[in-house]
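Q: Please look over the sequence and the structure shown below, and then work through the questions that follow one at a time.

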Amino acid sequence: MSKSSKRITELRSSVAAGELPVAEAMELVKKNATAKFDETVEVAISLGVDPRKSDQMIRGVAALPAGTGKQVRVAVICENDKADAATEAGADLVGFEDLLNQIGKGQLEFDTLIAEPAVMSRLAKHGKILGPKGLMPNPKSGTVTNDIGGAVKRAKAGQATYRTERGGVVHAPIGLASFSSEDLMANFTALLDSIRKAKPAVAKGQYLVKASLSSTMGPAVPIDVAPLR
């Protein structure tokens, strides 16, 4: 058996059977983050929605009070009158025709793409390139807006973008394993609050079904969601 397999087996054996309170789960995830790099801590939440129905598709963005711990490269597609605001707010790439051409060639040298509403008709044809990467600007995630400067500042400060995937599951990062437990908990709470507020009016029954925490290379630790409902 390889050394990697032994490590994974040992980590999985450290995860207690059953669900843990969030604070205990967080500590265990941090303890199990033993890779040679600073692992990302991620939340997976199963929601009682059917994402195949447009009125139950959940998409949003949560401002993380402790940030993400990573440098976020922000690109902005806008007309000239918005370019100065984008640059002053700290955008890494600002342009229009030049950025559209780069995207068309698959040169996606950014983590977040922000666009003003007026340019979305030009950007739409690149949906097949941006969509699979989760980079297509969307009003619900705050990346299609006339407040370009504000959007850039929020993206730079650190936020988690989420959307329901197959089976109604939401995945989102809440920081790095090197973060203090307090900072991770603050980010987790902010994310959960945002997801709660995004609950569709048509969703019936239990909204928060189950959840888990994990690090990049570590096993998932189930969370007791009953106190969170």
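A: Helices and strands here are DSSP runs, numbered from the N terminus, and a strand needs at least two residues. The model is a predicted one, and with that in mind Val94 is found in strand β4.

Q: Is Val94 buried, partly exposed or exposed?
A: Buried means under 20% relative accessible area and exposed means over 50%, with partly exposed in between. Val94 has a relative accessible area of 27%, so this residue counts as partly exposed.

Q: Which residues is Val94 in contact with, leaving aside its neighbours within four places in sequence?
A: The C-alpha atom of Lys125, a residue 31 places from Val94 along the chain, is separated from that of Val94 by 19 Å. Contact means heavy atoms within 4.5 Å. Once neighbours within four places in sequence are set aside, the contacts of Val94 are Val76, Cys78, Ala83, Ala86, Thr87 and Leu99.

Q: Which strands stand at the edges of the sheet with the order β4-β3-β5?
A: Three strands form this open sheet, and their pairing is parallel. An edge strand has a single partner strand, so one side of it is left without a neighbour in the sheet, and this holds for β4 (93-95) and β5.

Q: What is the average twist from one strand to the next in the β4-β3-β5 sheet, and which residue in β5 is the bridge partner of Val74?
A: In this open sheet of three strands, the twist averages 15° from one strand to the next. Strand β3 (residues 74-77) runs parallel to β5 and is joined to β5 by four bridges. Ile77 stands opposite Ala115 in β5, while the β5 bridge partner of Val74 is Thr112.

Q: Which residues of β5 point the other way from Thr112 and Ile114?
A: Strand β5 covers residues 112-115, and all four of the residues named for it, Thr112, Leu113, Ile114 and Ala115, are buried. Thr112 and Ile114 point one way from the strand, and the residues pointing the other way are Leu113 and Ala115.

Q: Which strands are at the edges of the sheet with the order β7-β1-β8-β9?
A: Four strands form this open sheet, with antiparallel pairing. An edge strand pairs on one side only, and the edge strands are β7 (169-176) and β9 (221-223).

Q: Which residue in β9 is the bridge partner of Ala211?
A: Strand β8 (residues 208-215) and β9 run antiparallel and are joined by three bridges. Within β9, the bridge partner of Ala211 is Ile223.

Q: At what angle does α8 run to β7?
A: Helix α8 lies across four strands, namely β1, β7, β8 and β9. With respect to β7, the helix runs at about 155°.

Q: Is α2 parallel, perpendicular or oblique to α8?
A: The two helices, α2 and α8 (residues 181-197), pack with their axes 10 Å apart and at an angle of about 125°. An angle from 65 to 115 degrees would count as roughly perpendicular and one over 145 as roughly antiparallel. The angle between the two helices therefore makes α2 oblique to α8.

Q: How many of the residues in the contact of α2 with α8 are nonpolar?
A: From α2, the residues Val22, Ala23, Met26, Glu27 and Lys30 meet Ser181, Leu184, Met185 and Phe188 in α8. Among the residues of this contact, two are charged, one is polar and the nonpolar ones number six.

Note on methods:
Residues numbered from 1 in each chain as written. Predicted model: local features only at pLDDT ≥ 70, side-chain atom pairs only at ≥ 80, totals over all residues. Heavy atoms only, no water. Buried < 20%, exposed > 50% of the residue type's maximum accessible area, 1.4 Å probe, protein only. Pairing = 2+ DSSP bridges. Axes fitted to C-alpha atoms, helices over the stretch in contact; angles between N-to-C directions. Parallel < 35°, antiparallel > 145°, perpendicular 65-115°, else oblique. Nonpolar A, V, L, I, M, F, W, Y, C, P; charged D, E, K, R; others polar.
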